[in-house]
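Have the model open and ready to rotate? Let's take a walk through a few of its corners, one stop at a time.

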Amino acid sequence: MAIGVVVVAAGGIFFVVKGGGPSEQDTVVRFAHAWDAGNYSAMRDETTGEDQDRYSGRTFAARYTDAAGIATATRVKTGRPYRSNGTWQLPVTVTTRAFGPVRGTVALKVVKDGDDERIDWAADDTFPGLHAGDRLTRTTEMPARGDLLARDGTPLAQGPNRTSPLGPTAAAIVGALGPIPDTYKSTAARLGYPSDAQVGITGLERSFDARLAGTPGGQLRAGARLLAERAPRKAAPVRTTIAPKVEAAAVEALAGRYGGVVALRPKTGEILAAAGIGFSGLQPPGSTFKIITATGVLQNGVAKPTDTFPVQTAATIEGVQLGNANGESCGGTLANSFAQSCNSVFAPLGAKLGAQKLVQTAEAFGFNQPTGITGAATASIPPAGEIGDDLAVGSSAIGQGRVQATALQMAIVAATIGLRGRRPDVTLDPDRWKGRAPTHAATDARTAREVEKLMLGVVRYGTGKVADIPGVKVAGKTGTAELRSTQTCQPSSSAATTGTPAGTCTPNQENDTSDTDAWFSTYAPAGNGTPRIAVGVLLVAAGAGGDTAAPAARQVLLAGLKN
């Protein structure tokens with residue numbers, strides 16, 4: 001309490017306040033409010049000039065953030081200060097992740113500094129319960145890791161050995177535990193993890209690591225004195241969107257090959273299955289990208305479904321002939337050109353559409369944007385100004401050049417067409433939306449229906465016939481992406497006389513199936529705007545999409561339709 005002395009002067013009676021008066025209290029209150037807000041600069045402003053000379057703003061803030069980090073603090077709340085034993089006692093409650101609320105007081109000494117009342121600051125003012133010379137330390141331990149469950153409650157990983165009755169099926173999606181990665185160490189420290197903790201580094205273990213890890217426990221000490229103690233707490237089981245039968249089909253379809261398979265439910269955005277490098281493997285998507293190119297071409301009026309195109313083995317762009325796979329001759333209607341995957345039609349259409357609109361369309365389908373799945377790679381297409389000339393744009397339009405995608409992304413592309421042009425957000429958490437997923441307009445419904453008809457043709461009479469399911473409308477698109485150049489470009493006979501950079505690209509490795517990635521992007525049932533499953537398949541160095549990826553996708557479609 002302030003101590004006042006009554007003084008009589010000519011002008012009347014007034015009080016002279018000595019020690020602990022309102023000015024001191026105001027200083028402490030301002031300091032406390034700044035601490036509540038985490039405004040260390042404002043806190044430092046309330047300290048003496050000598051303190052401010054001794055501790056830079058960065059050093060002063062670091063003393064508080066270091067203490068908060070050691071304590072795993074998430075919030076500081078100060079109480080009403082009171083004066084005791086010559087200092088101001090400031091009640092402080094620190095909410096921590098590892099130890100719960102830690103309560104105590106911080107003794108603040110207020111002195112005259114020029115004309116102002118300032119805090120004579122000390123290092124033990126950074127945390128309640130510290131005394132002069134004390135060092136704040138913690139020891140923590142992790143609880144047993146929480147159980148991972150499939151959507152139907154079947155354990156995917158449980159116990160210290162992370163076992164599952166599903167065996168290899170679960171192992172394909174669960175992922176692995178390992179030492180804390182360098183990129184995660186600062187976060188793990190704030191969460192209270194000991195430095196030798198095992199965390200999720202891949203798969204579902206990584207996606208749900210924070211929920212599976214539980215709450216660390218241990219002891220918080222000021223020197224030798226115990227400030228707080230709490231036992232570790234195991235996390236509640238975490239249910240995922242994974243459907244065991246669909247996951248089993250994905251693992252079986254991959255059959256040990258290097259590649260990725262992803263299946264999702266378009267309406268809810270729930271990922272039903274993922275195997276291999278389905279989330280992380282970035283490869284040129286090949287002709288599955290023609291789904292996007294066809295969308296851009298149709299919605300921008302570059303071509304109509306009734307248009308026809310020359311039947312030929314190659315198209316000339318920028319003086320270079322860009323050929324069809326294996327030198328095949330194709331063309332005719334837009335539907336036939338799409339079903340037969342004619343580079344000679346879609347590369348020129350992509351060039352005519354132009355880089356800007358091609359990129360805009362790809363981005364509307366989710367390229368150059370994170371998928372929202374932890375650890376998933378981002379599909380990409382270069383900015384329009386960096387793609388290059390018409391030949392480069394044409395190559396991008398058929399999924400080559402510098403275009404990169406994952407099986408997850410191409411499943412999303414298929415789902416978008418199936419949902420009448422609405423791209424769904426995807427998730428591994430069945431409780432995230434509890435129903436219909438948020439969607440984003442990728443194209444209008446009319447264009448999506450036109451592209452769907454093109455995709456139906458691929459399965460009915462085109463390159464993806466092996467994906468046909470009797471009694472079910474299956475929409476899909478094959479892709480065969482070159483890993484290395486399978487074209488030998490030689491100058492044409494007219495190049496020397498005309499001075500133009502003309503050339504001819506002809507296949508030179510027709511039988512080398514290891515030189516191409518196989519893709520299939522599909523959904524079913526088509527035709528009603530509510531497909532039940534969409535699938536993306538990538539098989540690296542596995543030949544043609546119609547030969548290997550399409551039958552793999554069919555297995556997963558069947559499981560999803562029965563699920």
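What follows is a tour of some strands, some helices and a few backbone oddities.

Before we start, keep in mind that this is a predicted model. Let's begin at strand S5, which covers residues 87-96. How many of its residues are buried? Seven of the 10 are, so this strand is mostly covered, with buried meaning under 20% relative accessible area.

Now look at the partners of S5. Strand S3 (residues 73-78) runs antiparallel to S5, and five bridges join the two. To find the register, put Ala 73 opposite Thr 96 in S5. Thr 96 is a handy landmark, since it also stands opposite Gly 100 in S6. That second pairing, between S5 and strand S6 (residues 100-108), is antiparallel and extends over nine bridges. S5 and S6 form a hairpin, with three residues between the strands.

At the other end of S5 you'll meet strand S4, residues 82-84. S4 and S5 are antiparallel too, joined by three bridges, and Ser 84 stands opposite Thr 87. These two strands also make a hairpin, here with two residues between them, and in it Asn 85 takes a positive phi near 55°.

Stay with Thr 87 for a moment, as it sits in S5. Is it buried or exposed? Its relative accessibility is 18%, so Thr 87 counts as buried. The Thr 87 side chain makes a polar contact of 2.8 Å with the side chain of Gln 89. Setting aside neighbours within four places in sequence, Thr 87 is in contact with Tyr 82, Ala 107, Leu 108 and Lys 109.

Next, move to another sheet. This one is open and has three strands in the order S11-S10-S16, with mixed pairing. Strands S11 (155-157) and S16 (238-239) are the edge strands, each pairing on one side only. In the middle of that order, S10 (residues 148-149) pairs with S16 in the parallel sense over two bridges, and Leu 148 stands opposite Val 238 in S16.

Follow the chain on from S11 and you come to the loop between S11 and helix H5 (168-174), where Arg 162 is placed. Arg 162 has a positive phi of about 55° although it is not a glycine. Most residues other than glycine have a negative phi, and most peptide bonds are trans. Arg 162 counts as buried because its relative accessible area is 14%.

On to the helices. H10 (residues 290-299) and H17 (residues 445-461) pack at an angle of about 135°, with axes 9 Å apart. How should we describe that arrangement? The two helices are therefore oblique to each other, and H10 passes H17 in a right-handed crossing. If you want to see the residues where they meet, show Ile 291, Ala 294, Thr 295, Leu 298 and Gln 299 in H10, and Thr 447, Glu 450, Val 451, Leu 454 and Met 455 in H17.

H10 turns up again when you look at helix H13 (residues 355-364), as one of the elements that cover its buried residues. Those buried residues are Ala 355, Leu 358, Val 359, Thr 361, Ala 362 and Ala 364. The cover also includes helices H12, H14 and H15, along with strands S23 and S24. Just after H13, Gly 366 takes a positive phi of about 115°.

Keep going into the loop between H13 and H14, and you reach Thr 371. With 14% relative accessibility, Thr 371 counts as buried. Its side chain reaches the backbone nitrogen of Ile 373 at 3.2 Å. Not counting residues up to four places away in sequence, Thr 371 touches Ala 376, Ala 377, Leu 408, Gln 409, Ile 412 and Val 426.

Two backbone features remain. In the loop between helix H16 (407-418) and S23 you'll find Arg 420, which is not a glycine yet has a positive phi of about 60°. Arg 420 is buried, with a relative accessible area of 18%.

Where is the cis peptide bond? It joins Ala 524 and Pro 525, with omega about -10°. Pro 525 is placed in the loop between strands S28 (516-524) and S29 (533-539), and that is where our tour stops.

Methods. Residues are numbered from 1 along each chain as its sequence is written. This is a predicted model: local features need pLDDT of at least 70, side-chain atom pairs count only at pLDDT 80 or more; totals for chains, interfaces and linings use all residues. Side-chain values use heavy atoms; hydrogens and water are left out. Buried means under 20% relative accessible area, exposed over 50%, partly exposed in between (1.4 Å probe, protein chains only). Helices (H or I, at least four residues) and strands (E, at least two) are DSSP runs, numbered from the N terminus. Two strands pair if DSSP finds at least two bridges between them. A polar contact is a pair of N or O atoms within 3.5 Å; within protein, one must be able to donate a hydrogen and the other to accept it, and residues adjacent in sequence count only if both atoms are side-chain atoms. Contact means heavy atoms within 4.5 Å. Axes are lines fitted to C-alpha atoms, for helices over the stretch in contact, and angles run from 0 to 180 degrees between N-to-C directions. Angles under 35 degrees count as roughly parallel, over 145 as roughly antiparallel, 65 to 115 as roughly perpendicular and the rest as oblique. A crossing is left-handed if the near helix is turned anticlockwise from the far one by less than a right angle, and right-handed if clockwise.
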